[in-house]
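Student: Could you take me through one part of this model closely, the nonpolar core, and then show me how the rest of the fold sits around that part?

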Amino acid sequence: MGHVWQGTDVYLERPVAVKTVAADLQALPDWRRTALARFEREAKAAARLDHANITAVYDAAITEDVCCLVMQLVDGTTLDVSGLSPM
């Protein structure tokens with residue numbers, strides 16, 4: 001449903017993971033509302049979780065072009081089996 005990128009919180013000076021909703025899902029009028037609703041549910045559910053084995057959600061944003069979750073960055077290997085992950 002999207003991509004995860006490694007980024008930097010420039011204000012707090014810390015590394016973060018940024019998960020974005022796939023732009024092609026937002027571009028389709030029939031899917032935009034569904035994609036935004038799923039994003040909102042995921043953001044709220046993830047923000048409620050507090051466990052040592054779950055990344056913390058720092059922020060969520062919805063703009064006209066991008067929906068993203070800003071999360072704790074965890075060092076590790078990719079789960080992308082194709083090896084073509086943007087992270």
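Tutor: Sure. In this predicted model, the largest nonpolar core has ten residues: Ala 17, Val 21, Ala 35, Leu 36, Phe 39, Ala 43, Cys 67, Leu 69, Met 71 and Leu 73. At least two of them come from each of β2, α2 and β4, and α2 is the top contributor with four. As a general backdrop, nonpolar side chains in soluble globular proteins tend to be buried together.

Leu 69 is a handy place to stand and look around. Skipping its neighbours within four places in sequence, its contacts include the core members Ala 17, Phe 39 and Ala 43. Leu 69 also touches Val 18, Lys 19, Glu 42, Val 57, Asp 59 and Ala 60. Another core member, Met 71 in β4, has Ala 17 standing opposite.

Now for the helix. α2 covers residues 29-48 and lies across β2, β3 and β4. Against β3, the helix runs at about 160°.

Underneath that is the sheet, so to speak, and here is its layout. Four strands make an open sheet in the order β1-β2-β4-β3, paired antiparallel. The edges are taken by β1 (2-9) and β3, and since each has a single partner strand, one side of each is left without a neighbour in the sheet. On average, neighbouring strands are turned by 20° against each other, direction ignored.

Let's walk across the sheet in that order. β1 and β2 pair antiparallel over eight bridges, with Val 4 opposite Lys 19 in β2. Those two strands form a hairpin with four residues between them. Trp 5 also sits in β1, and it counts as partly exposed because its relative accessibility is 37%. Trp 5 and Lys 19 are 14 residues apart in sequence, yet their C-alpha atoms are 6.3 Å apart in space.

The turn of that hairpin deserves a pause. Glu 13 lies in the loop between β1 and β2 and has a positive phi of about 55°, although it is not a glycine. Most residues other than glycine have a negative phi. Glu 13 counts as exposed, since its relative accessibility is 69%.

Next along, β2 (residues 14-21) is joined to β4 by five bridges, with the strands antiparallel. β4 (residues 67-72) is in turn joined to β3 (residues 57-62), again antiparallel and through five bridges. In that last pair, Asp 59 has Val 70 in β4 as its bridge partner. β3 and β4 also form a hairpin, with four residues between the strands.

You may be eyeing the two neighbouring cysteines at the start of β4, so let me deal with those. Cys 67, the one listed in the core, is buried because its relative accessible area is 0%. The closest cysteine sulfur to that of Cys 67 belongs to Cys 68, and at 7.9 Å the gap is too far for a bond. Cys 68 is accordingly in no disulfide, its nearest cysteine sulfur being that of Cys 67. With a relative accessible area of 14%, Cys 68 is under the 20% cut-off and therefore buried too. The disulfide count comes to zero.

Finally, let's step back to the whole chain. The protein has two helices and four strands, and from the N terminus on they run β-β-α-α-β-β. Set beside the sheet order, that means the strand pair β2 and β4 is joined in the sheet, while the helices come between the first and second pairs of strands in the chain. Among contacts between residues at least 6 apart in sequence, 43% join residues at least 24 apart. Of the 87 residues, 22% count as buried. The accessible surface comes to about 6600 Å², and carbon and sulfur atoms account for 55% of that area.

So, back where we started: the ten-residue core draws on β2, α2 and β4, each with at least two residues, and the helix that gives the most lies across β2, β3 and β4.

Methods: Residues are numbered from 1 along each chain as its sequence is written. This is a predicted model: local features need pLDDT of at least 70, side-chain atom pairs count only at pLDDT 80 or more; totals for chains, interfaces and linings use all residues. Side-chain values use heavy atoms; hydrogens and water are left out. Two strands pair if DSSP finds at least two bridges between them. Axes are lines fitted to C-alpha atoms, for helices over the stretch in contact, and angles run from 0 to 180 degrees between N-to-C directions. Contact means heavy atoms within 4.5 Å. A disulfide is a pair of cysteine sulfur atoms within 2.5 Å. Buried means under 20% relative accessible area, exposed over 50%, partly exposed in between (1.4 Å probe, protein chains only). Accessible areas come from the Shrake-Rupley method with a 1.4 Å probe; for residues, only the protein chains shown count as cover. A nonpolar core is a set of buried Ala, Val, Leu, Ile, Met, Phe, Trp, Tyr and Cys residues joined through side-chain atoms within 4.5 Å.
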